[in-house]
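Trainee: I should like to request a close look at the aromatic pairs of this structure. Please treat the rings in turn, together with their surroundings.

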Amino acid sequence: MTDLERKRRPSDLVRRSVAVTAVAGVVVAAFALGRLGTDPSSDDRAATTPVAFFGELEAADSCDDLLRHYVDPGVDLIGAYGWQGPVYRDLVGSAVDGVAELDAASAPATSEAKVTRSTSSETGTNVQEAGVDEPDSVKTDGTLFVRLRGSLLMSYDVSGDEVEPLGDLDLGDFKDGEILLARDTVVAIGNDGSRDAQTRVLTIDVADPDTPTLVRTVDYDAATVTARQHGDAVRLVLSGGLPELDFVQPGDGTSEQAALRTNRALVEDSDITDWLPTVAIDGGEAEPLLACDRVALPRADVALGTMAVIGFDSGADLSGAADLDSFGLAGDASLAYESTDHLYLATSTAGFVPFGGPGSFNDCGFTDFCISPPFPRATGDGTTPVYDFALDGTSATYVGAGEVEGTIRDRWAMDEHDGVLRVAVGPSSETGNFNSVVTLEGKDDALVEIGRVDRLGVGEEIKSVRWFDDLAIVVTFRQIDPLYAIDLTAQDDPELIGQLKIPGFSSYLHPLGSQRLVGIGEGPQAGRNRWGAQAGLFDVSDLTDPRQIDVLSYGAGSRALAGGDPRQFTWLPSERTLLTVIQNGRGGFVSAVEVSNGELINTMTQVEFGSDVDEVRAVPLYGAGPDGGDKVVLVTGEDVEFFDVG
């Protein structure tokens, strides 16, 4: 019997027992083959819409069964003022302290691991996974350049010596948006500003960039967790959260006990349509997005809520929910990672951090349209469930489930290579007071742990992770910056082969070829107790002995914005130059750093001021410059123009 089986409760009990102190996990569901029906109360469509739920995921027997899954534990989450959150639990409170670090002297003398992997998308965005594009405020195909600022979509010609404006389109009440580009189609993902749990997806035809044309508007009453693009296929992960019922509050003659009774009655009398998200196309009537037989029930205690995973072709003619490849889960999934051919959904066990990037390890990462959960979350038993889905175009098929001891803090802590999932995990009640790298492989319908390296950064926090085909670089921090090199050449036997301890920390790591690595983060500046942004250049030609060979300091109080948003970092291989955005006071600068003979040679150019610093992008046009060199499009708050790298 596996650990997951030992810890599992009977499914009928699970549906009735989301304890206040254990509601904090996320468990994920399965994929339905075929397309959705539109009526959640229809239970006679199972024969025409088969669902691949098995093992750790089960289909509801009926809409009434699914409703009981929501209502029974939901009543326990109600207070006099409506929904109330669980008690926050200390993730490390029962962890073992004082475990000695691994002795680096025991590392092997040589390694076959290499620092190689490109992560720049074809549309100009610095992404986590090569071949998987992510939303951004700017996109390009090398000739056409599109930018979204507020509700205005603007197009430019970047094929000549100057950036030429072409056309624009006002998207109306579209807010908080970012875009994807698939050939002649822009997909804009944001919201209409009406409420938190809402997503608006706009399809815009830019075949004639002088006159961008709105083709379709799709509204979901659920918030975006992630959006990813594989070729023409776009995939959304949405969170419906808990339903907005007409809760009362104490006051005006209503006691707390009376309000509590009324609010509990509202949950008990709720309908399945209150719990499942809807979709409306081109302003039409909202219809159910998920049928009951397309929503999976996990076989373990999970946080209450509803998730939906939706796939569609960017150029498809959508007329209703039946045209979407979608499935749902009766749980709150806030952690999603996509490789080129798999989607992994996992329990988020991080404390409540609503926004940030790969350096701050939050629930959703820098490019995701992060929603703030109503309360902190924590793991109940110290293990993290992980669910694996194989991708094929717009569809996904449930493959299996597993668990890992420890806490996966965000999507940047996950990676897949050669069919093996690798995760960097923080401490939990099932581990010591240290971090680990764990490898898992699919066997039958399970993700099975095949390798593990423990005791990385004892008593410290993971600050950044960079994955390569056969290597992981992990940076932790408390008072110094330990950088660990994990050899993954044998994925069933990962091994710590080298480490380096220096002041400060790197919150973003980027390879500069096979022998150099740059870290963007924070460190001590000139003067006592003064910190600011810094860039560190590492020699990783010998991974058993990584060395920092140069440090570039930006001054006390400065911030390197790529540490929270890697889209503000650009690497130009042919120029041996990196571009990163630095904020000092209210001023925003592009730091153009030439890497030459082991040195970082910096040129600072002020480009912005105030809140617009967050909008700065340096978008590469590889090979488009003179003599086959690179060109860079600089985007600031008001302007789009070429940036002189030299």
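Mentor: What follows is an account of the aromatic rings, then of a helix contact and two backbone angles.

The model is predicted, and a search of the whole structure finds twelve aromatic pairs. One of them is formed by Phe389 and Tyr398, whose ring centres are 5.7 Å apart. The planes of these two rings stand at 55°, so the pair is classed as tilted rather than edge-to-face, a term kept for angles over 60 degrees. Both partners can be placed by their accessibility: Phe389 is buried, at 0% relative accessibility, and Tyr398 is buried as well, with a relative accessible area of 4%. The pair also belongs to a wider arrangement, in that ring pairs link Phe54, Phe327, Phe389 and Tyr398 into a cluster.

A further pair is that of Phe505 and Trp531. Their ring centres lie 6.5 Å apart and their planes meet at 35°, so this pair, too, is tilted. Phe505 belongs to strand S31 (residues 505–511) and Trp531 to strand S33 (residues 531–539), so the pair ties together parts that are 26 residues apart in sequence. The two partners fall into separate accessibility classes: Phe505 is buried, with a relative accessible area of 9%, whereas Trp531 is partly exposed, at 34%. Phe505 has a charged neighbour in addition, since the charged end of Lys463 sits over its ring, 4.8 Å from the ring centre.

The helix contact may be considered next. The axes of helix H3 (residues 63–76) and helix H4 (residues 256–268) come within 9 Å of each other and cross at roughly 170°. The two helices are therefore roughly antiparallel, as the angle is over 145 degrees. On the H3 side the contact is made by Val71, Gly74 and Val75, and on the H4 side by Arg264, Val267 and Glu268. By character, the residues of this contact divide into three nonpolar, one polar and two charged.

Finally, two aspartates deserve mention for their backbone angles. Asp176, found in strand S8 (residues 175–182), has a phi near 55°, a positive value in a residue other than glycine. Asp176 is exposed, with a relative accessible area of 59%. Asp252 likewise has a positive phi near 55°; this residue lies in the loop between strand S13 (233–239) and H4. Asp252 is exposed, with a relative accessible area of 86%.

Terms used: Residues numbered from 1 in each chain as written. Predicted model: local features only at pLDDT ≥ 70, side-chain atom pairs only at ≥ 80, totals over all residues. Heavy atoms only, no water. Axes fitted to C-alpha atoms, helices over the stretch in contact; angles between N-to-C directions. Helix = DSSP H or I, 4+ residues; strand = E, 2+ residues; numbered from the N terminus. Parallel < 35°, antiparallel > 145°, perpendicular 65-115°, else oblique. Contact = heavy atoms within 4.5 Å. Nonpolar A, V, L, I, M, F, W, Y, C, P; charged D, E, K, R; others polar. Buried < 20%, exposed > 50% of the residue type's maximum accessible area, 1.4 Å probe, protein only. Phe/Tyr/Trp six-rings, centres within 6.5 Å; stacked < 30°, edge-to-face > 60°. Lys NZ or Arg CZ within 6 Å of the ring centre and 35° of its normal.
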